[in-house]
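I sat down with this one to look up its sheets, its pockets and its closed-in holes. My notes are below, in the order I made them.

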Amino acid sequence: MRVQNKGITMLSKKIISLALVMCLWAGTLAEDPYIFLEWKVEYGNISPLGVPQQGILINGQFPGPMINCTSNNNIVVNVFNHLDEPFLLTWSGVQQRKNSWQDGTLGTMCPIMPGRNYTYKFQVKDQIGSYFYYPTTALHKAAGGMGMLRIQSRDLIPVPFDTPAEEFDVLLGDWYNKNHKALKATLDSGRSIGLPDGIQINGNSGKVSDDNAKRMFTMEAGKTYRYRVCNVGLRTSVNFRFQGHSMKLVEVEGSHTVQNAYDSLDLHVGQCLSVLVTADQEPKDYYLVASSRFSKKKLQAVVTIGYANGKAPASPELPLPPPDNTAGVAWSINQFRSFRWNLTASAARPNPQGSYHYGKINITRTLKLANSRYQVGGKLRFGINGVSHVEGQTPLKLAEYFGLAEKVFQYNLVKDEVPTDKTKVTEAPSVVNATFRNFVEIIFENEENSIQTWHLDGHSFFGVAVEAGKWTPEKRKNYNLLDAVSRHTVQVYPKSWAAVMTTLDNAGMWSLRSMMQERAYLGQQLYFSVLSPERSLRDEYNLPETQQVCGIVQNLPKPAPYV
């Protein structure tokens, strides 16, 4: 009997071992689902502010097609450039794990030349939330070419709110009536493009009691809807609000938040968030209002949100915006502080967001970065710590990968401290060496009179503090080290500072830039070179076989691949 049991045990072990091997083998073959898209980028007529102009359409649409995917999906987008200029798209907020080759910035990729195509291939690895894509070449963003990118949670991951009746996308922001080429020519001549002409909401800009205030979304009484809202403008912060309805904030840039209710929300350039709105009012039309913030020029636009079977028009009495003076800055800072990470909710993975205790990690490096404006030979430039970034013919990542970095750029022109002489500026490609997996603190200092928004590619960071005045080490005692939101943008108010913390654990070449397009174009950006000492596929992908090469590496043999 004992022999029989032993035989059964040995057989069971063999079956279990075989099953494990089969599972591992199957796992190596199994891949996350793919989404295949083909986009045609071309010029077309648009009139976001009611003035006809040349816009950039994707598959005939402005805004462009929405990408609706799920965490860990593989996205394949074949982009055909039918413009008369080189073109690139970036996927703002998508971290491109191990894959800065697909990031869509001029420091990482060769642009798609007119009449050519390029196929982006990337995975939305371990991410959920609301994002958007847009052009990084020239001033193409001023003409369109942008669209929403939704990343849904996987079915097995619980979401901390009930499934909404429907999801609506809102891409809003400032807009210029001038052609994008005219705006670029203005910057190239050394002058500012000035203030925008208006605000558009999904390509529309209506006024109260105006036929242009078209019904954009329809809700059914008693149901709750998710609105994903992104500020895709060039320079202006915006406040948005729903007439007669409050909003429940549920997500900011890929993080579930504590679900506070708001009557209005400030949204700065490049930022996205999600709110829930319940149709609990009289069935009729209501306005969605967007107005400029912290700008000398007061701008406003409305579109209509209607109830199904509701026939009465929207009231002409709009909800008031928050104050726009010094008190308005304090109001906005307090709202920023009210955004809190939902510690018990899961994001892209089953474990709660709060299981990552960022506040207990030792800081290994502090960078203090100050934005500044300069006049160089009578022309306007912007920079960081006395360095104004200049784009070259060879993408920085390609030069580094081919071992030719010293022929294209010099590392660490930007120092970790703000220079005492703030009148000197160096115009050059700007790359900062970063140690792989270091936990860094970045202090953004803004001594100017205009608000700033910063964005970091390839990573998220914790926005632990935003305050007026000057930063000192003593200010660390005011940091939120428990439940600051993990995000990829942060605003810095006039004469103020902001502090963020992040682990630079994504090998590649990553852009840190102003989201104000004029400033980024004229030099207010830099790149972090995050190199893995292992040169291993575990940390970073090789140059893709289909990747375009240009500049000084165009005809060179490829380096030995990572293993």
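These entries go from the ground rules to the sheets, then to one residue, and end with the empty spaces.

**Ground rules**

I am working with a predicted model, where local features need pLDDT of at least 70, side-chain atom pairs count only at pLDDT 80 or more, and totals for chains, interfaces and linings use all residues. Residues are numbered from 1 along each chain as its sequence is written, and side-chain values use heavy atoms, with hydrogens and water left out.

My helices (H or I, at least four residues) and strands (E, at least two) are DSSP runs, numbered from the N terminus. I call two strands paired if DSSP finds at least two bridges between them.

**First sheet**

I started with an open sheet of four strands, in the order E2-E1-E4-E6, with mixed pairing. Which strands stand at its edges? They are strand E2 (53-58) and strand E6 (117-123); each has a single partner strand, so one side of each is left without a neighbour in the sheet. Neighbouring strands here are turned by 20 degrees against each other on average, direction ignored. For that angle, axes are lines fitted to C-alpha atoms (for helices over the stretch in contact), and angles run from 0 to 180 degrees between N-to-C directions.

I then checked strand E1 (residues 34-46) and strand E4 (residues 74-81): they run parallel and are joined by eight bridges. Opposite Lys40 I found Phe80 in E4.

**Second sheet**

Next came another open sheet, with four strands in the order E3-E8-E7-E5 and mixed pairing. Strand E3 (67-70) and strand E5 (89-92) are at the edges with a single partner strand each, so each has one side without a neighbour in the sheet. The average turn between neighbouring strands of this sheet is 20 degrees, direction ignored.

E5 pairs with strand E7 (residues 129-135) in the antiparallel sense, over four bridges. I noted Phe132 in E7 as the bridge partner of Ser92.

**A strand covered on both faces**

In a regular strand the side chains alternate between the two faces of the sheet. With that in mind I looked at strand E10 (residues 198-201). Are its faces covered or open, and what did I find there? Both are covered: Gly198 and Gln200 on one side, and Ile199 and Ile201 on the other, are all buried. Buried means under 20% relative accessible area, exposed over 50%, and partly exposed in between (1.4 Å probe, protein chains only).

E10 pairs with strand E9 (residues 167-175) in the antiparallel sense over four bridges. Trp175 stands opposite Gly198 in E10.

**One residue up close**

I picked Val229, which is found in strand E12 (residues 224-231). Why does Val229 count as buried? Because its relative accessibility is 2%. Leaving out residues up to four places away in sequence, Val229 touches Val170, Leu172, Phe240, Leu267, Gln271, Cys272 and Leu273. A contact here means heavy atoms within 4.5 Å.

**Pockets**

On a 1 Å grid over the protein atoms alone, a cavity is a set of points where a 1.4 Å probe fits but cannot get out, and a pocket is an open set with protein on both sides within 12 Å along at least five of seven lines; lining residues have an atom within 4 Å of a point. Grid points are joined across faces, edges and corners, and a volume is the space filled by probe spheres set on the points.

The largest pocket has a volume of about 1,100 Å³. Its lining has 44 residues, and Leu106, Thr137, Ala138, Glu391 and Gly392 lie nearest its centre.

The second largest pocket holds about 910 Å³. Of the 32 residues that line it, Gln95, Asp126, Tyr356, Ser460 and Ser486 are closest to its centre. Strand E32 (496-503) is one of the strands that supply at least two residues of this lining, and E32 gives the largest share, three residues.

**Cavities**

I count five cavities of 30 Å³ or more. The largest has about 70 Å³ of space. Its lining includes Asp266, His268, Gln271 and Tyr493. Helix H3 (residues 326-338) gives the most to this lining, with three residues.

The second largest cavity has a volume of about 50 Å³. Among the residues lining this cavity are Leu106, Glu391 and Gly392.
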